[in-house]
Amino acid sequence: MMKIAVQTGGPEERLGVDATYRLVKEAGFDAVDANIDHLVSGRDLHDRKIPEIFLTGSDKECAERFLPWKEAAEKYGIDNYQAHAPFPSYVYDENSEEYNDQILTMLRRMIMGCDVMNCRNLIIHPFFLGYEQQLDPEKEWEINVDRYSRLIPEAKKYGVTINLENMFMAKRGKIYAACCSDITTACRYVDTLNGIAGGKQFGFCLDTGHLLLVGLDVKNAMIELGDRITAFHVHDNDGAHDQHLAPYMGVLDWNRFVEGLKAIGYNKTMSFETFNIWNVMDEEIAPKMMKFIAECGRTFARRAEA
């Protein structure tokens, strides 16, 4: 039977890791998407301030940073099904080559951290740039295949599946397609990288909100990806902004989502990425919304499995 998960981000910033896992359990979830991206913020990555421990620290020192998620999962009987690596994964300027190698070093430590947490799926955003600096398709392909390939030894060592994700970019209020938003190309990435790895070391985290932003049908995307889907970021939005809302708070066609689950026989974990309910709702109501999200997941799973 399909398990239902939710990201730890949202309540985690307010309540801490332990209380978040307790809340997740009480809300009716089986598992989480652990936001270990909190260990290195996007701002720090842009400002080139990766904590030294993730560059030169010992494995033991690094492992200690992941213990809060490991211990909370064990305490409350929650599965650390997937985790989200820090992002962005790639930056660019005339002096960026050495720094991008440091980002790879940091990502290797995140793969190790997943093993510490008994987490077998890590979402690592593709290596791409924004609208102003966007790479041409051939260069983007070359960079992604190269950099993901360089993570294969750690993924194999620690038994972690690296998940790519469909992305978008924005300019003047307009949303544009970005790396892996084209589903055919996304399939090609996963297949090419697994060919290099010599096995299923790569999967795909399908982000429903990002699909909606670039105007792609969720069922058709799921059918094309098929069993390449090993994780989900399930959330809703108004079709124009990456709002990370609960189902039915936006315009996604949830019947098509359920039909997609059924069509591919998805039986892994369905994880919600709905942190923004903690920003748009009263903190007394947000925990009740967590229960609503869990119930949505149960309903979707039941209908897909019928």
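## A first tour of the fold, starting at helix α13

At the start of α13, the backbone nitrogen of Asn255 has a side-chain oxygen of Asp253 within 3.1 Å. This is a predicted model, and α13 is a good place to begin exploring it. The protein has 15 helices and 10 strands, so let's look at one helix, then the whole chain, then two single residues.

**Helix α13**

- Helix α13 runs over residues 254–264, and its buried residues are Trp254, Phe257, Val258, Gly260 and Leu261.
- Why do these residues sit on the same side of α13? They cover an arc of only 155 degrees around the axis, and that places them on one side of the helix.
- What covers the buried residues of α13? The cover includes the helices α11 (208–213), α12 (218–225) and α15 (286–305), and the strands β9 (229–233) and β10 (269–272) are also part of it.
- Just after α13 comes Gly265, which takes a positive phi of about 60 degrees.

**The whole protein**

- With 306 residues, a compact globule would have a radius of gyration near 19 Å, and the protein's 18 Å agrees with that.
- Along the principal axes, the C-alpha atoms fill a box of roughly 50 × 40 × 40 Å.
- Of the 306 residues, 56% count as buried.
- Among contacts with a separation of 6 or more, 79% are between residues 24 or more positions apart.
- The protein exposes about 13,000 Å², and carbon and sulfur atoms supply 48% of this area.

**The nonpolar core**

- The largest nonpolar core has 110 residues, and those touching the most other members are Tyr21, Phe29, Ile36, Phe54, Leu122, Phe257 and Met270.
- Which helix gives the most to this core? Helix α7 (residues 96–116) does, with 10 residues.
- Phe257 links two parts of this tour: it is one of the buried residues of α13, and it is also one of the core residues that touch the most other members.
- Tyr21, another of those core residues, touches Thr8, Val32, Ala34, Trp69, Ala72, Ala73, Tyr76, Ile78 and Asn80, leaving out residues up to four places away in sequence.

**A close look at Thr161**

- You can find Thr161 in strand β5, which spans residues 161–165.
- Is Thr161 buried or exposed? Its relative accessible area is 17%, and buried means under 20%, so Thr161 is buried.
- Not counting neighbours within four places in sequence, Thr161 is in contact with Arg120, Asn121, Leu122, Lys200, Gln201, Phe202, Gly203 and Thr230.
- One of these partners, Leu122, is also among the core residues that touch the most other members.

Definitions and conventions: Residues numbered from 1 in each chain as written. Predicted model: local features only at pLDDT ≥ 70, side-chain atom pairs only at ≥ 80, totals over all residues. Heavy atoms only, no water. Buried < 20%, exposed > 50% of the residue type's maximum accessible area, 1.4 Å probe, protein only. Helix = DSSP H or I, 4+ residues; strand = E, 2+ residues; numbered from the N terminus. Arc of directions from axis to C-beta. Contact = heavy atoms within 4.5 Å. Polar contact = N/O pair within 3.5 Å; in protein donor to acceptor, adjacent residues only side chain to side chain. Rg over C-alpha atoms; globule rule 2.2 N^0.38 Å. Areas by Shrake-Rupley, 256 points an atom, 1.4 Å probe, with all protein chains shown as cover. Core = buried A, V, L, I, M, F, W, Y, C linked by side-chain atoms within 4.5 Å.
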